[in-house]
Amino acid sequence: MKKRYTLWFQAVSACLLLGGLLGAQGTRGTITGTVHDSSGAVVPGAQIVLLEKATGVETKSVTSEAGVYRAPYLPPGTYKVSAELKGFKTAIRDNVQVLVTQTVNLDFT
């Protein structure tokens, strides 16, 4: 009897855990893009700041050697996104909408 109870408990626990993990995957969005300079060359090391306007929460990312950045797991909302690097003018995009499970491509020059 005790073995049956243990197996039942493990099965229920596994179902609850998997259900929670699967449900969490569909509640966020992503902003990704590439930063170029005015000549079209990629800009590595640029700091990307993503400000969720309703909550004031900031998320930061940095461009790779290929000038690419990615900010995953963002809560849905409206963002102000800036790209900055010493020696360059800061580029800003305002009112960027991120929806559930959406990937927004946002390039900067």
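Is Thr30 buried or exposed? I opened the notebook with this residue and found Thr30 buried, at a relative accessible area of 9%. The model I consulted is a predicted one.

**Entry 1. Thr30 and its surroundings**

I placed Thr30 in strand E1. I then looked for the residue across from Thr30 and found Thr103, in E7, standing opposite. I listed the contacts of Thr30, leaving aside neighbours within four places in sequence. The list holds Arg70, Ala71, Pro72, Tyr73 and Leu74, together with Val98, Gln102, Thr103 and Val104.

**Entry 2. Thr32**

I moved to Thr32, which also has its place in strand E1, a strand that spans residues 29–34. I noted Thr32 as buried because its relative accessible area is 17%, and the limit for that class is under 20%. Which backbone atom does the side chain of Thr32 reach? I found that the side chain comes to 2.8 Å from the backbone oxygen of Tyr69. Tyr69 also appears among the contacts of Thr32 once neighbours within four places in sequence are left aside. The others in that list are Arg70, Thr103, Val104, Asn105 and Leu106.

**Entry 3. The sheet around E1**

I next traced the sheet. What is the order of its strands? I recorded E4-E1-E7, an open sheet of three strands with mixed pairing. Strand E4 (68–74) and strand E7 (103–105) are the edges; each has a single partner strand, so one side of each lacks a neighbour in the sheet. On average, neighbouring strands of this sheet are turned by 15° against each other, with direction ignored. I checked the pairing of E1 with E7 and found it parallel, over three bridges.

**Entry 4. An aromatic pair**

I searched for aromatic pairs, and the count came to one. The rings belong to Tyr69 and Phe108; their centres are 6.4 Å apart and their planes stand at 45°, so I entered the pair as tilted. The pair joins distant parts of the chain, with Tyr69 in strand E4 and Phe108 in the segment after E7, 39 residues apart. I looked up the accessibility of each partner. Tyr69 counts as buried at 1% relative accessibility, and Phe108 counts as buried at 2%. Tyr69 thus enters this notebook twice, as a ring partner of Phe108 and as the residue whose backbone oxygen the side chain of Thr32 reaches.

**Entry 5. The salt bridge**

How many salt bridges does a search of the whole structure find? I obtained one. In general, side chains of opposite charge can pair when their charged atoms come close. Here the side chains are those of Asp94 and Lys53, at 2.9 Å from N to O. I located Asp94 in strand E6 (residues 91–98) and Lys53 in the loop between strand E2 (47–52) and strand E3 (58–62). The two residues are 41 residues apart, and the pair links distant parts of the chain. I noted Asp94 as partly exposed, with a relative accessible area of 41%. Lys53 is likewise partly exposed, with a relative accessible area of 39%.

**Entry 6. Positive phi angles**

I turned to the backbone. Most residues other than glycine have a negative phi. Tyr73, although not a glycine, has a positive phi of about 60°. I found Tyr73 in strand E4, and I entered this residue as exposed because its relative accessibility is 65%. Tyr73 is also one of the contacts of Thr30.

Asn95 gave a further entry: it is not a glycine, yet its phi is positive, at about 60°. I placed Asn95 in strand E6. Asn95 counts as exposed, at 51% relative accessibility, because the limit for that class is over 50%.

**Entry 7. Glu84**

I closed with Glu84, which is found in strand E5 (residues 77–84). Glu84 is partly exposed, with a relative accessible area of 35%. Which residues is Glu84 in contact with, leaving aside its neighbours within four places in sequence? I listed Ala46, Gln47 and Thr90. I also looked up the separation from Val49, which is 35 residues apart from Glu84 along the chain. The C-alpha atoms of Glu84 and Val49 are separated by 8.3 Å.

Notes: Residues numbered from 1 in each chain as written. Predicted model: local features only at pLDDT ≥ 70, side-chain atom pairs only at ≥ 80, totals over all residues. Heavy atoms only, no water. Helix = DSSP H or I, 4+ residues; strand = E, 2+ residues; numbered from the N terminus. Buried < 20%, exposed > 50% of the residue type's maximum accessible area, 1.4 Å probe, protein only. Polar contact = N/O pair within 3.5 Å; in protein donor to acceptor, adjacent residues only side chain to side chain. Contact = heavy atoms within 4.5 Å. Pairing = 2+ DSSP bridges. Axes fitted to C-alpha atoms, helices over the stretch in contact; angles between N-to-C directions. Salt bridge = Lys/Arg side-chain N within 4 Å of Asp/Glu carboxyl O. Phe/Tyr/Trp six-rings, centres within 6.5 Å; stacked < 30°, edge-to-face > 60°.
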